Amino acid sequence: MLNNEKLQAYIDGLFADRNDLFSEMENYASEHHVPIMELVGIETMLQLLRIHRSKRILEVGTAIGYSALRMAAALPEAEIVTIERDIERIQIAKEFIERSGKAEQISLIEGDALEVEEDVRKHGPFDAIFIDAAKGQYKKFFELYAKYLTAEGMVVTDNVLFKGLVAEEEIESKRTRNLVKKIAEFNQWLMSHSEYDSVILPVGDGIAISKKKR
Ligand SMILES: C[S@@+](CC[C@H](N)C(=O)[O-])C[C@H]1O[C@@H](n2cnc3c(N)ncnc32)[C@H](O)[C@@H]1O
């Protein structure tokens, strides 16, 4: 298996340096324990979005705006609609978005993703949806927003391998066990979905790529 930490560090080292703002955001996330997408995961997703030429993207889970701003930079023509419910993170995301000079490309919807469908609908349809919020709710996010995908639409879901725990038989912590069970159920559901072709890539924390069947 071509998958180990040494190799990962080698690949990470080959990615181009991020600009000062992105480096500052990466440091902020690390210092304040804000979970942002892993480097190889986001680079993989950005490449997919470039190939797909996504023009309108919905993100569930903004955090401090890192992935939204990376998408805006990689796809200068795209409009990013991103949802976040944590008030503190919303404030930080707004500040970073303002400083980036990309505010016109990004619409931040404040609130619980399961309660802001009306707002989101006004921005659709979307070429791509990126799900990166509460892991126990992935199926709900997918079911709620997949209807706003274009015919060629794609869904990217992060953390589907959850640090490899989905493949573990025994997990001590009950809370983690329950969460892993939900992710594993989501993976099963997604991989056997009659309307989507999906694949799970073991990059970053595991990303699922789902494409609407024709
Ligand atoms: C993993 S972080 C997102 C990281 C971001 N996509 C990045 O890579 O830069 C997940 C975020 O989703 C938010 N979140 C979780 N459940 C949510 C929900 N139901 N509605 C809106 N935001 C939610 C959390 O507050 C958290 O900030």
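**Pockets, rings and odd backbone angles**

Trainee: Let's start with a pocket. Which residues line the second largest pocket?

Mentor: The second largest pocket is lined by Lys-135, Gly-136, Gln-137, Tyr-138, Lys-139, Lys-140, Lys-182, Glu-185, Phe-186 and Trp-189. Keep in mind that this is a predicted model.

Trainee: Which elements give two or more residues to that lining?

Mentor: Two helices do: α7 (138–145) and α8 (174–191). The largest share, four residues, comes from α8.

Trainee: How many residues of this lining are nonpolar, polar and charged?

Mentor: Sort them by type and you get five charged, three nonpolar and two polar. As for the space in there, it comes to about 160 Å³.

Trainee: And how much space lies in the largest pocket?

Mentor: About 750 Å³. It has 38 lining residues, and the closest to its centre are Pro-35, Asp-132, Ala-133, Lys-135 and Asn-159. Look for α4 (66–74) and β2 (79–84) here, as these are the elements that give two or more residues to the lining. By type, the lining of the largest pocket has 15 nonpolar, 12 polar and 11 charged residues.

Trainee: Now the rings. How is a pair of aromatic rings described?

Mentor: You take two values, the distance of the centres and the angle of the planes. In this structure, a search of the whole model turns up eight aromatic pairs. Take Phe-22 and Tyr-66: their ring centres are 6.0 Å apart and their planes meet at 80°, so we call the pair edge-to-face. The cut-off for that label is an angle over 60 degrees.

Trainee: Where do Phe-22 and Tyr-66 sit in the chain?

Mentor: Phe-22 is in helix α2 and Tyr-66 in helix α4, 44 residues apart, so this pair links distant parts of the chain. Both Phe-22 and Tyr-66 are buried.

Trainee: What sits over the ring of Phe-22?

Mentor: The charged end of Arg-70 does, 5.5 Å from the ring's centre.

Trainee: Back to the second pocket's residues. What kind of aromatic pair do Phe-186 and Trp-189 form?

Mentor: A tilted one, with 5.9 Å from centre to centre and 40° between the planes. These two residues are both in helix α8, three residues apart, about one turn of the helix. They also belong to one aromatic cluster together with Tyr-138, Phe-142 and Tyr-196.

Trainee: Does Phe-186 count as buried or exposed?

Mentor: Buried, because its relative accessibility is 2%, and the cut-off for buried is under 20%.

Trainee: Last topic, the backbone. What sign of phi do most residues have?

Mentor: Leaving glycine aside, most have a negative phi, and most peptide bonds are trans. His-33 goes the other way: it isn't a glycine, yet its phi is positive, about 55°. You'll find His-33 in the loop between α2 (20–31) and α3 (39–52). Ala-63 also has a positive phi of about 55° without being a glycine, and it lies in the loop between β1 (56–60) and α4.

Trainee: Which of these descriptions fits His-33, buried or exposed?

Mentor: His-33 is exposed, at 66% relative accessible area. Ala-63, however, is buried, at 9%.

Trainee: And where is there a cis peptide bond?

Mentor: Go from Gly-124 to Pro-125: that bond is cis, with omega near 0°. Pro-125 is in the loop between α6 (117–123) and β4 (126–131).

Technical notes:
Residues numbered from 1 in each chain as written. Predicted model: local features only at pLDDT ≥ 70, side-chain atom pairs only at ≥ 80, totals over all residues. Heavy atoms only, no water. 1 Å grid on protein atoms, 1.4 Å probe; cavity = no way out; pocket = protein on both sides within 12 Å on 5 of 7 lines; lining within 4 Å. Points joined across faces, edges and corners; volume = space filled by probe spheres on them. Nonpolar A, V, L, I, M, F, W, Y, C, P; charged D, E, K, R; others polar. Buried < 20%, exposed > 50% of the residue type's maximum accessible area, 1.4 Å probe, protein only. Phe/Tyr/Trp six-rings, centres within 6.5 Å; stacked < 30°, edge-to-face > 60°. Lys NZ or Arg CZ within 6 Å of the ring centre and 35° of its normal.
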